[in-house]
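Subject: Structure for your review

Dear colleague,

Please find below the structure that I am handing over to you. My account of what was found in it follows directly after.

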Amino acid sequence: MPDIFILNQNQIITTIAIILVLWIFQFILKKTANRVGHKSGIHVTRTRLMFKYINVLVTILAIFFLSLTWGYNPQELALIFSSVFAIIGVAMFAIWSILSNITAGIILFFSFPYKIGSRIRIHDKEMPIDAIIEDIRAFHLHLRTLEGELITYPNNLILQKAVSLVEKEYHADEGKDAL
């Protein structure tokens, strides 16, 4: 049994170093996302969503680096990763709207000037919307009109339309007169 550790000593040390570096990298990314979220007043659920994206990124990096460490040929590894990403790419092309909404959700996390509780107006020719942001999710926003109607609005559309802030924080006791 001790022979296994002696034979693989370099790989074990490298594995520990990779895990440690990726753990520190993950910690820094999460602290940065948390700091941006806190400074911008972003709701904690949106910050947790960013944590999930960070976890996926770190896991992919860990699989790649650990595979190289334990003797996979870089050409074979590149072939495996390119094949997997090609399949994922075709699948994502087939469901491009989901991918665009996830990407828009990430962009909204870092640069959306409106928060949960803000009353906004979306300037759309076909369907103008005047509502309060109830929730911001990975794929869509939940908007509540003053009449009580719940509107699910895709993240990618909110980036494409003109949006104006009516009130920073809407208070329900102001009633329907505010419209």
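In the sheet, Ile120 stands opposite Ala131 in strand 2. Ile120 belongs to strand 1 (residues 119-123), which pairs with strand 2 (residues 129-136) in the antiparallel sense over four bridges; two strands are taken to pair if DSSP finds at least two bridges between them. Helices (H or I, at least four residues) and strands (E, at least two) are DSSP runs, numbered from the N terminus.

Before going further, I should state that this is a predicted model, in which local features need pLDDT of at least 70 and side-chain atom pairs count only at pLDDT 80 or more, while totals for chains, interfaces and linings use all residues. Residues are numbered from 1 along each chain as its sequence is written, and side-chain values use heavy atoms, with hydrogens and water left out.

**The sheet**

The open sheet consists of five strands in the order 4-3-2-1-5, with antiparallel pairing. Strand 4 (150-154) and strand 5 (162-167) are at the edges and have a single partner strand each, so one side of each is left without a neighbour in the sheet. From one strand to the next, the twist averages 40°, where axes are lines fitted to C-alpha atoms, for helices over the stretch in contact, and angles run from 0 to 180 degrees between N-to-C directions.

Strand 1 is joined to strand 2 by a hairpin of five residues. Strand 1 also pairs with strand 5, again in the antiparallel sense, over five bridges; here Ile122 has Val163 as its bridge partner. Towards the other edge, strand 3 (residues 140-145) and strand 4 run antiparallel and are joined by five bridges, and Leu143 stands opposite Ile151.

**Helix 3 and the loop after it**

Helix 3 (residues 44-69) has 26 residues and spans 37 Å from its first C-alpha to its last, close to the expected 38 Å, a figure obtained as 1.5 Å times one less than the number of residues. Its buried residues (under 20% relative accessible area, with exposed meaning over 50% and partly exposed in between, for a 1.4 Å probe and protein chains only) include Met50, Ile54 and Val58. Just after helix 3, Gly71 takes a positive phi of about 100°. Asn73 lies in the loop between helix 3 and helix 4 and is partly exposed, with a relative accessible area of 32%.

**Pocket and cavity**

On a 1 Å grid over the protein atoms alone, a cavity is a set of points where a 1.4 Å probe fits but cannot get out, and a pocket is an open set with protein on both sides within 12 Å along at least five of seven lines; lining residues have an atom within 4 Å of a point. The largest pocket has a volume of about 540 Å³, a volume being the space filled by probe spheres set on grid points joined across faces, edges and corners. It is lined by 21 residues, of which Tyr53, Val56, Leu57, Ile60 and Ile106 are the closest to its centre. The lining has 19 nonpolar, two polar and no charged residues; Ala, Val, Leu, Ile, Met, Phe, Trp, Tyr, Cys and Pro count as nonpolar, Asp, Glu, Lys and Arg as charged, and the others, Gly among them, as polar.

One cavity of 30 Å³ or more was found in the whole structure. The largest cavity holds about 50 Å³ of space, and the residues lining it include Arg46, Met50, Phe109 and Arg137. Helix 3 gives the most to this lining, with three residues.

Yours sincerely
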